[in-house]
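The following report describes the fold of one protein chain, beginning with its strand pairing and moving on to helices, loops and a single buried residue. The sequence and the structure are shown first.

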Amino acid sequence: MLKIVVLGGPKTGKTTFARNFIAESDLVLDEDESNGSTRREHFERYAVSENAAVEIWVGPSIYSNAKEDYIRKIREDIKDWHQDHVFFVILSGDDVSATDEFLAKKLTDFWKIFFFVRTHFDTVFQPSREMDAGEQRDESLEYNAQGQVKVGIRESLEKFGIESNGFEVFVINCKKEAEWDFRELKRRLCKEAEVVFLKRKATAYKEQSLKIKGRNVQGAKCLRGEISKGHDVRGEMSKGRNIQGAKCPRGEMS
């Protein structure tokens, strides 16, 4: 089972991301109408209907004045957070913030590879002018801007001492999953689920093989011990027969 743990600050699109990921438009939410964010005190689990090997855990929002409490909630709500089958996704709706840096450093200290996802990119990228009727959208400009955002995020995290091989960067539009990197991110995470499954299957096979080998070795040792013991017994029996045979003739002669 692959666990995807979604982290991030308020209004970064954690719930919308989860809804799109699990392909459930009727995901039950508890929204605060005053600010449009979802109230959540602990990490909540959602099953992915199209992939039984994946489940997604959506956390509460992290705030700068309660960062250590946030880490404590991760440890309490997700008992196996340190295992290889648990992956973390940091959602950020803006440039790399102080809380984003804090989460990235913590995950790096825990030797966890994470995915840094820039959300709401569609609200940031604005064409220089409005398109005329029938004019085709210049996607090259958007992809160039997307690439610049990714480079900026990577450089920011590296400045904080986080090595580039410890994370991957994606840019998504939470409201339109077909745009940007959302589908690639989902494919990448589901691929990790397959890798986790194969690793566990290989580990189980290795453990079973070692158990069988251990039983065979133990059986061979016992068998050798019994044979050796049997040889000793037969030797004593033969010796006894020889002694008895030697006594009888002498008794008869006397």
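In this predicted model, strands β4 and β5, the latter spanning residues 54–58, run antiparallel and are joined by four bridges. Within this pairing, R45 has W57 of β5 as its bridge partner. In general, the strands of a sheet pair through backbone hydrogen bonds, and they do so either parallel or antiparallel.

The pair belongs to an open sheet of six strands, which follow one another in the order β4-β5-β1-β6-β7-β8 with mixed pairing. Because β4 (44–47) and β8 (167–171) stand at the edges and have a single partner strand each, one side of each is left without a neighbour in the sheet. With direction ignored, neighbouring strands of this sheet are turned against each other by 25° on average.

At the β8 edge the partner is β7, and these two strands run parallel, joined by five bridges. In this pairing R118 is matched with V171 of β8. Although β8 is an edge strand, four of its five residues are buried, so β8 is largely enclosed by the rest of the structure.

Two helices can be described by the strands that they meet and by their direction relative to one of these strands. Helix α2 packs on the sheet, where it touches β1 (2–8), β5 and β6 (86–92). Helix α3, for its part, lies across β1, β6 and β7 (114–118). The table gives the residue range of each helix and the angle that its direction makes with the strand named.

| Helix | Residues | Reference strand | Approximate angle |
|---|---|---|---|
| α2 | residues 67–77 | β1 | about 160° |
| α3 | residues 98–109 | β6 | about 165° |

Which elements make up the protein as a whole, and in what order do they run from the N terminus on? There are six helices and eight strands, and they run β-α-β-β-β-β-α-β-α-β-α-α-β-α. Among contacts between residues at least 6 apart in sequence, 69% join residues at least 24 apart. Of the 254 residues in the protein, 37% are buried, and the accessible surface comes to about 16000 Å², with 51% of this belonging to carbon and sulfur atoms.

Two loop residues have backbone angles that deserve a look. K11, in the loop between β1 and α1 (14–22), has a phi near 60°, which is a positive value in a residue other than glycine. W111, in the loop between α3 and β7, likewise has a positive phi of about 60° although W111 is not a glycine. K11 counts as exposed at 54% relative accessibility, and W111 is exposed with a relative accessible area of 81%.

The last residue to consider is T119, which is found in the loop between β7 and α4 (121–124). Is T119 buried or exposed? With a relative accessible area of 0%, T119 is buried. The side chain of T119 reaches the backbone oxygen of T12 at 2.8 Å. When its neighbours within four places in sequence are left aside, T119 is in contact with T12, L91, S92, G93, I172 and C174. Of these contact partners, L91 falls within the range 86–92 given for β6.

Notes:
Residues are numbered from 1 along each chain as its sequence is written. This is a predicted model: local features need pLDDT of at least 70, side-chain atom pairs count only at pLDDT 80 or more; totals for chains, interfaces and linings use all residues. Side-chain values use heavy atoms; hydrogens and water are left out. Two strands pair if DSSP finds at least two bridges between them. Axes are lines fitted to C-alpha atoms, for helices over the stretch in contact, and angles run from 0 to 180 degrees between N-to-C directions. Contact means heavy atoms within 4.5 Å. Buried means under 20% relative accessible area, exposed over 50%, partly exposed in between (1.4 Å probe, protein chains only). Accessible areas come from the Shrake-Rupley method with a 1.4 Å probe; for residues, only the protein chains shown count as cover. A polar contact is a pair of N or O atoms within 3.5 Å; within protein, one must be able to donate a hydrogen and the other to accept it, and residues adjacent in sequence count only if both atoms are side-chain atoms.
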